[in-house]
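Good morning, everyone, and thank you for making the time. I would like to walk through one protein model with you this morning, so please have the sequence and the picture open while I talk.

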Amino acid sequence: MNLAGKESGMKRSESQPAQISPSTATRRTGDQAAPFCHQFYTADAPCAPHFYLKAAIGPAVGSREFRQRMRDVGEALRAARVGMIYLVHSSFAALDSLSILASLARHHRPVGPTVRQIAARLIDGEDHEAGNYTVRYTGLLEAAIGSDAAGLPVKLVSWSSENHHLGRADAAVRLIDEVAALESVAGQRVMFWGHGHAGNVFAIMSQLLTCEPAALERFFDAASVYYQLPFTGLVDIPVWHRVRQLLSCNRHRIAERAYDWVTFGTPVRYGWKLRRDDRLLHFVHHRPPAGGPAHLAIFPPRAEDVLSAASGDYLQQVAIAGTDAPPSPAAWRSWLANRRLGRLLAAEHEPTGLATRLETGMRVPDCGTTLLVDYGTQAGTPAEQLAGHAVYTRPEWLLFHAEQVVERLFGGGNTGCRAA
């Protein structure tokens, strides 16, 4: 299949950067004795496969060559037994981006004026294709791969996009419920494309599908105050109770499927846990710094660079542990559930350590294959670029992404993560 890009492997840095995480590989990939795998932050050379690509715009969307190559993608997906594709994000991408940028401004004051400028332009007029899957994009992908006649639907899924553990956990639970309701033949694969923190929703989902019963009980017990009325025991958010029963008693209903996870600009946040047939691929908009390790991002960035997305996706870089916007204590059930879930999903990462984590410049997570993609100079206003975070959902990059997904996931590449 024709790939629209040039690639080079990464080389280990000769420098000795500061390291936050414990140095053992077991701790970096997740302590198997712990209930959930955790992601740690380090500037060391990544332990997972990663490649640098210079992407080139392909044929015009809708042109004859575009249609033919996308049909080839569809045939390859069907040959790999993919039976469903989900696109996951929400219409609140811009608001979530503001909360992340505000956190960056608090820890690096020179970018404050830039953040305010971006915020003003976002509020004045949001471009809904900037960092957001749309109905139009979904229809374009579905029609281009020829799914209407071959049974490969593409479905757009929205979630709250709340920037905290509970928001992402709630989305993971609802996605499991969605997949459990699928009518599909044995052996069919389910594929997820997730933009931004939707990829971290997938990470939680991957762990819920693989964790031991005791860990599963700890997860649902931690969140129980959110979906179950205290003292009375009345369940007022039934989907949580339904999925708890499913994973405890009828996991075979979803375990028979294999999952393909594709993330776009997902911040390095949670650990992942893949089963033998699961596959994971990350796209990250990145321009290697001059004279430094190619896999790292520069921190702190210059304000003018954030404004122009000079080094790639700044939201992917900074929206790491410590940048959450927790529920208000006034919503005490959500606040308490979020706090308890944080102790399970990211116990090591205190908010006070954010500046040190940011200094690592970590782009590549410990699980999956990461493509560090230079998309070139991005035109448009800061609101249209979202600090480099909007490029992934632009229709002109659909063919590039689709071809890379097929090649990397089904062309014999390494998943880059130990199977459960």
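Let me begin with the largest nonpolar core, which in this predicted model has 53 residues, and in which Phe192, Phe219, Trp240 and Trp261 are the residues with the most contacts inside the core. Several elements supply at least two residues each to this core, and they include strands E3, E5 and E6 together with helices H7, H8, H9, H10 and H14. As a general background for those of you who are new to this, nonpolar side chains in soluble globular proteins tend to be buried together.

If you look for phenylalanine 219 in the picture, you can see how one residue of that core is surrounded: leaving aside residues up to four places away in sequence, phenylalanine 219 touches Phe36, Ala169, Val173, Ile204, Leu208, Trp240, Leu341 and Leu344. Apart from this core lies another one, of 36 residues, and among its members are Leu53, Ile85, Tyr137 and Val262.

Now let me stay with two of the helices I named, because their angle tells us how they are arranged: the axes of H9 and H10 come within 11 Å and cross at roughly 170°, and since angles over 145 degrees count as roughly antiparallel, H9 and H10 are therefore roughly antiparallel to each other. On the H9 side of the contact we find Leu216, Glu217, Phe219, Phe220, Asp221, Ala223, Tyr226 and Tyr227, and these meet Trp240, His241, Val243, Arg244, Leu247 and Ser248 of H10. When the residues of this contact are sorted by character, nine are nonpolar, two are polar and three are charged.

Let me turn to the strands, starting with E3, which covers residues 82–89. Is this strand enclosed or open to the outside? Eight of its eight residues are buried, so E3 is largely enclosed by the rest of the structure. Part of its surroundings can be described through its pairing, for E3 and strand E5, residues 189–195, pair in the parallel sense over six bridges, with valine 82 standing opposite arginine 189 in E5. E3 also pairs in the parallel sense with strand E4, residues 154–158, over five bridges, and there isoleucine 85 stands opposite valine 154.

Strand E8, residues 369–374, gives us a second example, since six of its six residues are buried and the strand is mostly covered. In a regular strand the side chains alternate between the two faces of the sheet. In E8, Thr369, Leu371 and Val373 point one way, while Thr370, Leu372 and Asp374 point the other way, and all of them are buried. Which strands pair with E8? Strand E2, residues 50–55, pairs with E8 in the parallel sense over five bridges, and histidine 50 stands opposite threonine 370. Strand E7, residues 279–285, also runs parallel to E8 and is joined to E8 by five bridges, with histidine 285 opposite valine 373.

Before I finish, I would like to point out a few places where the backbone deserves a careful look. Most residues other than glycine have a negative phi, and most peptide bonds are trans. The peptide bond from phenylalanine 299 to proline 300, however, is cis, with omega near 0°, and proline 300 sits in the loop between E7 and helix H12. In the loop between helices H16 and H17 we come to leucine 386, whose phi is positive, near 50°, and to alanine 387, which has a positive phi of about 55° although it is not a glycine. Leucine 386 has a relative accessible area of 4% and is buried, and alanine 387, at 2%, also counts as buried.

One last residue is cysteine 37, found in the loop between helix H1 and E2, and buried with a relative accessible area of 6%. Cysteine 37 and leucine 344 are 307 residues apart in sequence, yet their C-alpha atoms are 9.3 Å apart in space.

To step back to the whole protein chain, there are 17 helices and eight strands, and buried residues make up 57% of the 420 residues. Among contacts with a separation of 6 or more, 81% are between residues 24 or more positions apart.

Notes: Residues are numbered from 1 along each chain as its sequence is written. This is a predicted model: local features need pLDDT of at least 70, side-chain atom pairs count only at pLDDT 80 or more; totals for chains, interfaces and linings use all residues. Side-chain values use heavy atoms; hydrogens and water are left out. Buried means under 20% relative accessible area, exposed over 50%, partly exposed in between (1.4 Å probe, protein chains only). Helices (H or I, at least four residues) and strands (E, at least two) are DSSP runs, numbered from the N terminus. Two strands pair if DSSP finds at least two bridges between them. A nonpolar core is a set of buried Ala, Val, Leu, Ile, Met, Phe, Trp, Tyr and Cys residues joined through side-chain atoms within 4.5 Å. Contact means heavy atoms within 4.5 Å. Axes are lines fitted to C-alpha atoms, for helices over the stretch in contact, and angles run from 0 to 180 degrees between N-to-C directions. Angles under 35 degrees count as roughly parallel, over 145 as roughly antiparallel, 65 to 115 as roughly perpendicular and the rest as oblique. Ala, Val, Leu, Ile, Met, Phe, Trp, Tyr, Cys and Pro count as nonpolar, Asp, Glu, Lys and Arg as charged, and the others, Gly among them, as polar.
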